[in-house]
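Here are my notes from a walk through the model you sent over. I have kept them as numbered points, so you can follow along with the viewer open.

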Amino acid sequence: MTELFAPAFLRKLEGLHLLARQIARGRMRAERRSVRRGSGLEFADYRPFSPGDDLRGIDWRVYARHRHLLLKLFEEEEDLHVHLLLDCTASMQWGDPPKFDLARRLAAGLAYLALANLDRAGIGPLGPHAQRPWTPSRGRAHFLPLLRYLEGCTTAAGPGELSANVTRWLATRPRRGLVLWITDAWGATAEDAFLALDRLRYARHEIALVQIRHPDELAAGELGEFEYEEVETGATKTMIVDRAAAAAYAQAVRAYEEELTRYCHRHGIPLLQALATEPAEEILRRSLLEGGFVR
Amino acid sequence: MTFLFAPAAWLGLLALPIVAFYLLKTRQRRRPVSTLLFWEQLKPRLENSPFWRKLRRWLSLAAQLLIFALLLAALARPAFDWEQHPPRRTVAVIDPSASMQARHPSPSRWEEASANLRRSIAQLRVEDEMAIVSAEDPPRIIHGWSSSQRELREAAAALEVRSTATHPGAALELAAQLAALREGAEVAVFSDAVWPPDAKETLPPGALLYGVDAGPPQNAGLTLFAIRRSPVAPGDWQLDAEVTATDRFSGTLELRRDGEPMDLAPVGIEPGRLWQKSWRGSTEAGAVFTAVLKADPGDRLAIDNEATARLEALRPVRILLVGPADPFLEAVLDAVPLVQWSRVDAFPPALPHGTDLVITRGENLPAEPPSVATLLLHPDRSGFWGERRGTLKEAPVTDLRKMSRLLRHTGFAQVAIDEAGEWQAAPGSETIAASLEHPLIFGQWDRAPRWLVLGFDPAKSDLPLRTAFPVFMGNLLQSLRPDPATGAGAARLPGRVESELQPVARGVEGGESGAIARWPVFPGWWWALLIAAALLMLEWWSYHRRITD
C-alpha cells in the first residue's frame, strides 16, 4: 500500500473492527432491520389478515380474545448497503495536510468496518468531474481493490454545488441504505449543504455525516489586506481584515457549524466533526464510541 | 530657522526606493481559501470600499514620506533663531528671606520665584551654564557652574525659605565673583526685592531681577518681641513688643504667659508709624511669653503675626572667697541679690561643684588659669596673669575703657589709690583701667578661661568707700549671667523691612516673571523627531493596525 494507507493504519482497522463487534454484540450476519416486513424473528406490527396470507402468521390468541384475524408482521433482516459518499470538490484538497487524504482514510476505515460486518460497501465520489463509482460489494476480499480505488480518487476544481452533486448521485438510483457522507460541508451557499441533506433524507436513506475541516479554515488567519481566492471556482474577494473582521469570520464559521449541528440533531443524523490534522484511526474510534455510524 | 547640516537633504533621494518598495509591498497579496462562504457573509464596511482602500493606501504613503522628511530634517539639524545665540552663562541668585513667604493670595512669592528658577533651568540649552546662589546670611553657593539641568533642578529643589531678613549685598557680591569666572556671564536675581534701602545699590550692573507678582503689600506684623532682665535687679524683667503695618491698621495683640492669657492690647497704627508697648514684672522663675497679632484676612505675611520669647529662670551665682576675711567685700556680696558665697583660707586643690566665681587675694594664687571665672585681688607676685615689676605710689586712674560692661556706671576715675602694683599684663589680656599706662585692672574676661586682676589693694584705696565698688562687683556678677540680649529672650522675627513688604526695586532692569517662557526649550531636531514619532504611531494605528471599526 501507499503512504495514504500505511500498513500501520490497516492493522489498526482490525482493532477497530473488534471494537465494533463488542459494540454490536455478536451479530452473525447482516442484522440490519429492513423497512420491509418479512420473516425475521423480531415482531414489528399487526395488520388485518387477507386471503393468501400465510396462516402461520395469524395471532391466534388475539383471535380467541377478540374474534379478529390479525396477522403478525416480523422485520425482515437483510444485508445493508453502506454508501460512502466522498466529497471530491477542490475545497477538499485545501490545507496541509489536505482534507481529502483524511476523507479517503475515513472512507477506507468505514468501508472495512462495513465489509467486516458482512454489509455491502460502495463508494460514491461526488465532484464536478466524472469518476467511476465503486459499486456496493460484500466481503473482505473486496477491501484491497477498494483501497486501490480510493487511491485513484481525485479532486477537481470547478463550479459545483453539494446539492447538485448529491442529486446526480441519487439519479443513479442507489439502493436505499446507510449513506455516510464525508465532506467539509462548505457549500456554494449557506443553504447548499442542508439542501443536499434534505435530498438524501427524501430518498429515504439513513444518513450519517462526517464533516472534515482544516484548523486554518476556522479562523481568518493573518490580518491584513488580501485578495481571497476560492479554490473551487476561482472567485475572488478583496478584504481588509482587522481583528473585528477576523472575529466576525470566526463567528460566521461557528454559526454555520452550530446550524449544521442543530439540523442533524433535528433529523436524527449522526454528525461527526473532525479536523484534517487528526489521525483517521482516532476519528474512527470516536465514531464507534459516539454511535450512529456502526449498526 | 536655518539648517546646520544642509547636505542631509541629499538623503532625500532615498524617498524614491521607499516609494517603489511601498508600491510593491502594498500590492494585494492573493490568498487561496477553500470557500468564500464565510467571507461573503461578513457585513460590508465603509473601509472595505475600493475608494477607501485606495485612499488609505495613498494616505499611508504620504504619512510615511512625511515621516521620512521629518527624519531628514532632524538629520539636517534645524536651528531656530534662539538656538543660534551665543552660550548664556547665568548666576541665579534666589532670595530666601522671610518676605518671600508672603502670599497673594497664593502661591507664595517663594513658590513663584522657585518656579521661575525652574523654568530658567528648563530653558538652558546644551551649551548654556548656570550657577545658583542662595541669598542667605551668609550667602551660600547651592550649585556651581553647570550645564546639567538635572543637577541644577535637584539643587534648586533643596532650597529652603528662611524666616528672617537677609541682605542681598553679600550674595550679589558672591554672584558677581562667580560671574567673573565666565565670559559674558550675567546675574539673574529671583526676589521680591524687599530689601533694606541700600541693597539696591549692590545690584551688579546688568543684573536681571525676576520679580514676582507681589500684589499690594498689605501686611501688619510684629517686628520686635523681646524680654530681658534688669542688669541691676536681675529678678525684674521687661517685655517689649513692636508692631508695624504697611497701611492704617487696627487690631489686637493677644499676649499669653505660659499659655495663660496675660493681656489683650488694642493695636492702632497710623501710616508710617510704629506701635510699641512694654510690660514689666519681677520673677526669678522662667516663663514663656507668646504674642499673637490678630491681623486682617488680607494679611500677606503670616510668620510675623506670632512670636514667642522665653524668660530664663534665675539661679544664684556661687562665689568662693579664698584668703582672709574682707568685711567690705563680704558686705557687698551680701548686698547683691541671688549671690551665695563661702570662704576658705587657702586655694583648694579642687573647686566645689557649681562654683561660678573665685575671688582670691594676696598670696592665695592659682598656678594655672582656673576653669571658672577668677578675680585676683592685688596678687603679690607674678603669674599667668602678668609680671609684677614693682610698686606704684599714689597712682591716679587715668585710662578707662568706658565701653567695658564691667566699668559701666562705676565712676572709677574718682578712685584714689595710695599704692598699686606695677604690672606688665600677660599677652592677650585686656587692660580696662590703667594709671599712666600702668595696668590697674586687666585680664581676660570675654573669653575662657576668664580671669581679671585688680592690680591694687582695695584697702589701700578709697574704693570700698565709693559706690564704684558695689557697682563694679554688681557688673562683674551680672556678666556671669546669661546675656539677656541673646538666646531665646528675643523672638526671631522677620523684621521691619520684611514685614513692610516694600520692594526697593520693583520690576526693574528688564526682568519680570513673564519674561521667562512657560515651556522648556527643545532644539529643532528634537521637535522633528517628536512629530515623526507621533506620525509614525498614527500611521501604524490607522493603517498597519488595520482599523476598520
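1. Not counting residues up to four places away in sequence, T246(B) touches P217(B), Q218(B), N219(B), E500(B) and L501(B). Please keep in mind throughout that this is a predicted model. T246(B) sits in the loop that links β10 (236-245) and β11 (249-257) of chain B. Is T246(B) buried or exposed? It has 21 C-beta neighbours inside 10 Å, and buried begins at 20, so T246(B) counts as buried. If you would like a distance to check in the viewer, the C-alpha atoms of T246(B) and G221(B) are 9.2 Å apart, while 25 residues separate the two along the chain.

2. One of those partners, L501(B), deserves its own look. L501(B) is not a glycine, yet its phi is positive, at about 55°. You will find L501(B) in the loop between α9 (496-500) and α10 (524-544) of chain B. L501(B) counts as buried because 25 C-beta neighbours lie inside 10 Å.

3. H409(B) is another residue other than glycine with a positive phi, here near 60°. Its place is the loop between β21 (399-400) and β22 (416-425) of chain B. Is H409(B) buried or exposed? There are 12 C-beta neighbours inside 10 Å, so H409(B) counts as exposed. Buried residues need 20 or more such neighbours, and exposed ones have 12 or fewer.

4. Two cis peptide bonds are worth a click. In chain A, D96(A) and P97(A) are joined by a cis bond with omega about 0°, and P97(A) lies in the loop between β3 (81-87) and α3 of chain A. In chain B, the bond from A448(B) to P449(B) is cis with omega near -10°. P449(B) belongs to the loop between β24 (438-444) and β25 (451-454) of chain B.

5. Now to the open sheet in chain B. Five strands run in the order β6-β5-β4-β7-β8, and their pairing is mixed. At the edges are β6 (140-146) and β8 (208-210) of chain B, each of which pairs on one side only. Ignoring direction, neighbouring strands of this sheet are turned by 20° against each other on average.

6. Within that sheet, strand β4 (residues 89-94) and strand β5 (residues 129-134) of chain B pair in the parallel sense, over six bridges. To locate the pairing, look for V93(B), whose bridge partner in β5(B) is V133(B). Which helix packs on the sheet and touches β5 and β6 of chain B? That is helix α5 (residues 149-157) of chain B, and its direction makes about 170° with that of β6(B).

7. For chain A as a whole, I noted eight helices and ten strands. Of its 295 residues, 38% are buried. Among contacts in chain A with a separation of 6 or more, 76% are between residues 24 or more positions apart.

8. A helix pair in chain A also caught my eye. The axes of helix α3 (residues 99-116) and helix α4 (residues 143-152) of chain A come within 10 Å and cross at roughly 160°. Angles over 145 degrees count as roughly antiparallel, and α3(A) and α4(A) are therefore roughly antiparallel to each other. Their crossing is right-handed. From α3(A), the contact uses R104(A), A107(A), A108(A), A111(A), Y112(A) and L115(A); from α4(A), F143(A), L146(A), L147(A) and L150(A) take part. By class, this contact has nine nonpolar residues, one charged residue and no polar ones.

9. Lastly, the contact between the chains. How many residues does each chain bring to the contact? Chain A gives 29 residues and chain B gives 22. On the side of chain A that touches chain B, β8 (224-230), β9 (236-241) and α7 (243-266) each supply at least two residues. The residues on that side of chain A comprise 17 nonpolar, eight charged and four polar.

10. Strand pairing also crosses between the chains. β8(A) pairs with strand β2 (residues 29-33) of chain B in the parallel sense, over five bridges. A handy place to look is Y228(A), which stands opposite R31(B) in β2(B).

Terms used:
Residues are numbered from 1 along each chain as its sequence is written. Chains are lettered from A and ligands numbered from 1 in the order in which they are written. This is a predicted model: local features need pLDDT of at least 70, side-chain atom pairs count only at pLDDT 80 or more; totals for chains, interfaces and linings use all residues. Two residues are in contact if their C-beta atoms, placed from the backbone, lie within 7 Å. Helices (H or I, at least four residues) and strands (E, at least two) are DSSP runs, numbered from the N terminus. Ala, Val, Leu, Ile, Met, Phe, Trp, Tyr, Cys and Pro count as nonpolar, Asp, Glu, Lys and Arg as charged, and the others, Gly among them, as polar. Two strands pair if DSSP finds at least two bridges between them. Axes are lines fitted to C-alpha atoms, for helices over the stretch in contact, and angles run from 0 to 180 degrees between N-to-C directions. Angles under 35 degrees count as roughly parallel, over 145 as roughly antiparallel, 65 to 115 as roughly perpendicular and the rest as oblique. A crossing is left-handed if the near helix is turned anticlockwise from the far one by less than a right angle, and right-handed if clockwise.
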